[in-house]
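Reader: I'm new to reading protein structures, and I'd love to go through one with you. Could you take my questions as they come?

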Amino acid sequence: HNVELEVEKEFRYVVLSNRKKNYLGVTKDGKADVKGLTGKKSHTPKFIKTLFYELLDILAKVQNKEDFDHAKKQISQKIAGYAKKVQEKEIPLDDLAFNVMISKSPSEYVKTIPQHIRAARQLETIREIKKGDIISYVKILNKPGVKPVEMARPDEVDSSKYMEFMERTLEQITSSMDLDFDTILGKPKQTGLDQFFWN
């Protein structure tokens, strides 16, 4: 078709996720290039972002198959370490916060009320909230399920929700490496009869 092509990037290796348009690659100079992965998104809690970039640093050092196997072990240990902190509620509230900007006044949300608006409405009891404000909230055990960071207590944090979000975010890396989240956390794989007996 007479289309001129040129090489944009050369990778040392690429890890393809089973999701469309999601991949991570490490360029020849050791820079991790991530496409479509949640860990980079601005609303993602700080502790998950930190872990995400720590995992990328491990992957950036991989030069060969042996290194890759070693990286898998390191990644499993890192994830397990963070998971333990989540479950034992050792992560500061600020690092657990989802930070989302309000695109319109909280009163304009009528039919569907997103989580950040539920948190904003609680904040309105102590200060004015307007369009463009960033709302920082954590997921809590009781209704309404979220609370502004400045009003929350560590004992209210819903650790299981953070574990789910951590799993969803990191699965984009772990699934490509054939790592199973439950196995990393030392749980039996939840399938068929196992699921019946363990639940």
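Reader: Which residues form one aromatic cluster?
Author: This is a predicted model, so please keep that in mind as we go. A search of the whole structure finds six aromatic pairs. One aromatic cluster is made up of F47, F98, Y137, Y162 and F165.

Reader: Which residue lies over the face of F98?
Author: F98 belongs to the aromatic cluster we just listed. Over the face of this ring, at 5.1 Å from its centre, lies K139.

Reader: How far is K104 from the ring centre of Y109?
Author: Here again a lysine lies over the face of an aromatic ring: the residue is K104 and the ring is that of Y109. The distance from the ring centre is 4.8 Å.

Reader: How is a pair of aromatic rings described?
Author: Two things are used for a pair of aromatic rings: how far apart the centres are, and how the planes are angled. Let's try that on one example from the six aromatic pairs in this structure. Y13 and F68 have centres 6.0 Å apart and planes at 75°. Planes over 60 degrees apart count as edge-to-face, and that is the name for the pair of Y13 and F68: edge-to-face.

Reader: How many residues apart in sequence are the parts that the pair of Y13 and F68 ties together?
Author: Start with where the two partners sit: Y13 is in strand β1, residues 11-16, and F68 is in helix α2. Because the partners belong to these two elements, their pair ties together parts of the chain whose separation in sequence is 55 residues.

Reader: Is F68 buried or exposed?
Author: The cut-off you need is that buried means under 20% relative accessible area. Y13 has a value of 15%, so Y13 is buried. F68 has a value of 18%, so F68 also falls under the cut-off and counts as buried.

Reader: What pattern does the protein follow, read along the sequence?
Author: The protein has seven helices and six strands. Of its 199 residues, buried ones make up 40%. Reading along the sequence, you meet the elements in the order β-β-β-α-α-α-β-α-β-β-α-α-α.

Reader: On which residue is the kink in helix α5 centred?
Author: Helix α5 covers residues 159-174. Its buried residues include Y162 and F165, both of which belong to the aromatic cluster. M166 is another of the buried residues of α5. The helix has a kink of about 30°, and the residue at its centre is R168.

Reader: How far apart in space are K49 and M166?
Author: K49 is found in helix α1, residues 46-60, and its relative accessible area of 24% makes it partly exposed. M166 is among the buried residues of α5. In sequence the two are 117 residues apart, yet in space, C-alpha to C-alpha, they are separated by 9.7 Å.

Reader: How much space lies in the largest cavity?
Author: A search of the whole structure for cavities of 30 Å³ or more finds one. The space in the largest cavity is about 50 Å³.

Reader: Which helices each supply at least two residues of the lining of the largest cavity?
Author: The lining consists of K85, V86, K89, I91, L93, L96, P154 and V157. Sorted by type, these are six nonpolar, no polar and two charged residues. The helices that each supply at least two of the lining residues are α2 (65-87) and α3 (93-96).

Reader: What is phi of K89 near?
Author: K89, one of the residues that line the largest cavity, is found in the loop between α2 and α3. With a relative accessible area of 32%, K89 is partly exposed. Its phi is positive, in a residue other than glycine, and lies near 55°.

Reader: Is N2 buried or exposed?
Author: N2 also has a positive phi near 55°, and N2 is found in the segment before β1. Over 50% relative accessible area means exposed. N2 has 84%, so N2 counts as exposed.

Reader: Is the peptide bond from K143 to P144 cis or trans?
Author: P144 lies in the loop between β5 (134-139) and β6 (146-148). The peptide bond that leads from K143 to P144 has omega near 5°, and its form is cis.

How values were computed. Residues are numbered from 1 along each chain as its sequence is written. This is a predicted model: local features need pLDDT of at least 70, side-chain atom pairs count only at pLDDT 80 or more; totals for chains, interfaces and linings use all residues. Side-chain values use heavy atoms; hydrogens and water are left out. On a 1 Å grid over the protein atoms alone, a cavity is a set of points where a 1.4 Å probe fits but cannot get out, and a pocket is an open set with protein on both sides within 12 Å along at least five of seven lines; lining residues have an atom within 4 Å of a point. Grid points are joined across faces, edges and corners, and a volume is the space filled by probe spheres set on the points. Helices (H or I, at least four residues) and strands (E, at least two) are DSSP runs, numbered from the N terminus. Ala, Val, Leu, Ile, Met, Phe, Trp, Tyr, Cys and Pro count as nonpolar, Asp, Glu, Lys and Arg as charged, and the others, Gly among them, as polar. Buried means under 20% relative accessible area, exposed over 50%, partly exposed in between (1.4 Å probe, protein chains only). The bend at a residue is the angle between axes fitted to the seven residues ending there and the seven starting there. Rings of Phe, Tyr and Trp (its six-membered ring) pair if their centres lie within 6.5 Å; planes under 30 degrees apart count as stacked, over 60 as edge-to-face and the rest as tilted. A charge sits over a ring if NZ of Lys or CZ of Arg is within 6 Å of the ring centre and within 35 degrees of the ring normal.
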